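Trainee: Can you walk me through a structure? I would like to start with the inside and then move to the strands and helices.

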Amino acid sequence: MNVFISADIEGTCGIVSWDETERSTPRDYEPFRKQMTREVRAACDGILAADKDSKIFVRDAHDSARNIDPAALPESAMMMRGWTGDPLSMMSGLDTGDFGAVLFTGYHAWAASGGNPLSHTMNLRNEYVTLNGVRMSEFMMNAYTAGYYGVPVVFLSGDKALCDFARELIPGITTVAVNEGRGGASVSIHPDLAVKNIKEGAKKALKNAKNCQVDLPPFFEMTVRCREHKRAYSKSFYPGARLEDEKNVCFSSDDWFEMLRFTHFVLSDS
């Protein structure tokens, strides 16, 4: 089986500060870059324990997309580093292979959620994003992308709030909660236990892929609530978008890829 992993960092075990996510602050960042790598490796090991012939594609999906140490992964894993610039973003590469499962590691709660002190959706320039009236996380967006390509979403590790939501969206998914947000703090399990649980969870999840298909709604309505009105005004010039008020940019379509084009334009960091 070909398996796709998308890895983020704000849901990595123990993380609590933006300094721990950024290459520009190496003393804080280095331990969590290593833990991010360990958690991805654990997911790979679980996949291979379930199917030793699996081919694994790892998408480094945080910030610079240059966080994971490729040498720490198994030889059967390929990895995409850097940003292609295509609308799939954190899921780039999913459209290039015949994948049988998608796994997410290190993912975090949505913008305006109390489930993670670093909760956000794509950037810090929006207050929140809603999709069909639900506060949208990066996981939700990327799970729908997997569904668009017909690939089951079988596993998620990250904070408890996101894991709870994931099981509502995809009842068959296997989740491993490693953190729980409390205001500006986070309570986490031991990093070694996180690695152990992720390996076991990924092994279990791969065997349950048939129960993890993502059902896409027939129609999509998205609202991006920008922090600054001038950004909302600028982003409202995307074809088909509209300003609901000074800070809300809205867009709708029955085609998920069209929604990805919109998010690529409106939720990019530029």
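Mentor: We will go through the core, the strands and the helices in turn, and keep in mind that this is a predicted model.

Trainee: Which residues touch the most other members of the largest nonpolar core?

Mentor: Phe139 and Val153 do, in a core of 83 residues. Helix α1, residues 26–50, gives the most to this core, with 8 residues.

Trainee: What is Phe139 in contact with, leaving aside its neighbours within four places in sequence?

Mentor: Its contacts include Val153, Phe104, Tyr107 and Phe165. Leu156, Leu162, Ala166, Leu169, Ile170 and Ile173 are also in contact with Phe139.

Trainee: Changing topic. Why is strand β1 described as largely enclosed by the rest of the structure?

Mentor: Strand β1 covers residues 2–7, and 5 of its 6 residues are buried, so the rest of the structure largely encloses it. Buried here means under 20% relative accessible area.

Trainee: Which way does β2 run against β1, parallel or antiparallel?

Mentor: Parallel, with 6 bridges joining β1 to β2, which is residues 55–60. The chain goes from β1 through α1 to β2, and that β-α-β crossover is right-handed. Within the pair, Ser6 stands opposite Arg59 in β2.

Trainee: And how many bridges join β1 to β4?

Mentor: There are 6, and β1 and β4 (residues 99–107) run parallel. Val3 of β1 stands opposite Ala101 in β4.

Trainee: Back to α1. How do people describe two packed helices?

Mentor: By the angle between their axes and the distance between the axes. For α1 and α4 (residues 191–206), the axes come within 7 Å and cross at roughly 35 degrees. The crossing of α1 and α4 is right-handed.

Trainee: Which residues meet there?

Mentor: From α1, they include Gln35, Arg38, Glu39 and Ala42. Among those they meet in α4 are Val195, Ile198, Lys199 and Ala202.

Trainee: What is the strand order in the open sheet of 5 strands?

Mentor: The order is β6-β5-β10-β12-β11, with antiparallel pairing. The edge strands are β6 (134–135) and β11 (242–243), and each pairs on one side only.

Trainee: How many bridges are there between β5 and β10?

Mentor: β5 (residues 126–131) and β10 (residues 220–226) pair over 5 bridges, in the antiparallel sense. Tyr128 stands opposite Arg225 in β10.

Trainee: Which helix lies across β5, β10 and β12?

Mentor: That is α6, residues 256–266, and it runs at about 160 degrees to β12 (248–253).

Note on methods: Residues are numbered from 1 along each chain as its sequence is written. This is a predicted model: local features need pLDDT of at least 70, side-chain atom pairs count only at pLDDT 80 or more; totals for chains, interfaces and linings use all residues. Side-chain values use heavy atoms; hydrogens and water are left out. A nonpolar core is a set of buried Ala, Val, Leu, Ile, Met, Phe, Trp, Tyr and Cys residues joined through side-chain atoms within 4.5 Å. Buried means under 20% relative accessible area, exposed over 50%, partly exposed in between (1.4 Å probe, protein chains only). Helices (H or I, at least four residues) and strands (E, at least two) are DSSP runs, numbered from the N terminus. Contact means heavy atoms within 4.5 Å. Two strands pair if DSSP finds at least two bridges between them. A crossover is right-handed if, with the strands pointing away from the viewer, the path from the first strand over the helix to the second runs clockwise. Axes are lines fitted to C-alpha atoms, for helices over the stretch in contact, and angles run from 0 to 180 degrees between N-to-C directions. A crossing is left-handed if the near helix is turned anticlockwise from the far one by less than a right angle, and right-handed if clockwise.
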